[in-house]
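Work through the exercises below with the structure in view. Each task is followed by its solution.

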Amino acid sequence: MDNLNLRLADDGDLAAVVRLRDDAARWMLARGVTGQWQPGELSEDHFRRAVKRGGEVWVAEAGERLLGAWELWWEDEAAWGPQPPVAGYVHRLMVDREAAPPGTGRLLLHAAERRVAAEGREFVRLDCLADNVRLNSYYLDEGYRAVGRIAGKPQPGGAPKSFTLLEKATRAIR
């Protein structure tokens, strides 16, 4: 996808990122994935706070169209506990299911992995809803390995949930 532009989001992007996340939540619900995301759970302030805490919000666009986004954090004590600075943590990877070509999510995941590797971190980590078998398999197929499980992780705007903890060594990233 030659015309895909990846960049850090700015404040003017946040309403579109919220819409993208809500659309992704509706897409999941329509396919019976009920425990993952709910429309309206996150606001622009959620993404602003992520950046204020030292994280990054990335967007992928083709022309003027937002095709995807993700958050990248440099620590995630809520899921992983206190850790030395050896990893980057990918959160809320999402694509526009109406406009993004097949494989866009994989491109965004690989971009996030390269960003973590560029910072000299040893691992890319993420957590995945434990009950979402299809999504867990997707990450395993992408070279991640399950390294743990966390029950009752607090959620912004929702009830605590259980997650599979997954990681991939950056040395495996091309």
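**Exercise 1.** State which strand gives the most to the lining of the largest pocket, and describe that pocket.

Solution. Start with the contributor: in this predicted model, strand 4 supplies six residues to the lining, the most of any element. Next, take the lining as a whole, which has 49 residues. Nearest the centre of the pocket lie Trp 37, Arg 92, Leu 93, Leu 135 and Tyr 139. Then sort the lining by type: 25 residues are nonpolar, 10 are polar and 14 are charged. Last, the volume of this pocket is about 1,300 Å³.

**Exercise 2.** Check the span of helix 1, then find which of its residues are buried and what covers them.

Solution. Helix 1 runs over residues 14-30, which makes 17 residues. At 1.5 Å a residue the helix should span 24 Å, and its end C-alpha atoms are 24 Å apart, so the two values agree. The buried residues are Leu 14, Val 17, Val 18, Leu 20, Arg 21, Asp 22, Ala 24, Ala 25 and Met 28. Their cover includes helix 2 (44-52), strand 2 (56-62), strand 3 (65-73) and strand 4 (87-95). Just after helix 1, Gly 32 has a positive phi of about 85 degrees.

**Exercise 3.** Do the same for helix 4: its span, its buried residues and what follows the helix.

Solution. Helix 4 covers residues 104-118, with 15 residues. From first C-alpha to last it reaches 21 Å, close to the expected 21 Å. Buried here are Thr 104, Gly 105, Leu 108, Leu 109, Ala 111, Ala 112, Glu 113 and Val 116. Just after helix 4 comes Gly 120, with a positive phi of about 80 degrees.

Definitions and conventions. Residues are numbered from 1 along each chain as its sequence is written. This is a predicted model: local features need pLDDT of at least 70, side-chain atom pairs count only at pLDDT 80 or more; totals for chains, interfaces and linings use all residues. Side-chain values use heavy atoms; hydrogens and water are left out. Helices (H or I, at least four residues) and strands (E, at least two) are DSSP runs, numbered from the N terminus. The expected span of a helix is 1.5 Å times one less than its number of residues. Buried means under 20% relative accessible area, exposed over 50%, partly exposed in between (1.4 Å probe, protein chains only). Contact means heavy atoms within 4.5 Å. On a 1 Å grid over the protein atoms alone, a cavity is a set of points where a 1.4 Å probe fits but cannot get out, and a pocket is an open set with protein on both sides within 12 Å along at least five of seven lines; lining residues have an atom within 4 Å of a point. Grid points are joined across faces, edges and corners, and a volume is the space filled by probe spheres set on the points. Ala, Val, Leu, Ile, Met, Phe, Trp, Tyr, Cys and Pro count as nonpolar, Asp, Glu, Lys and Arg as charged, and the others, Gly among them, as polar.
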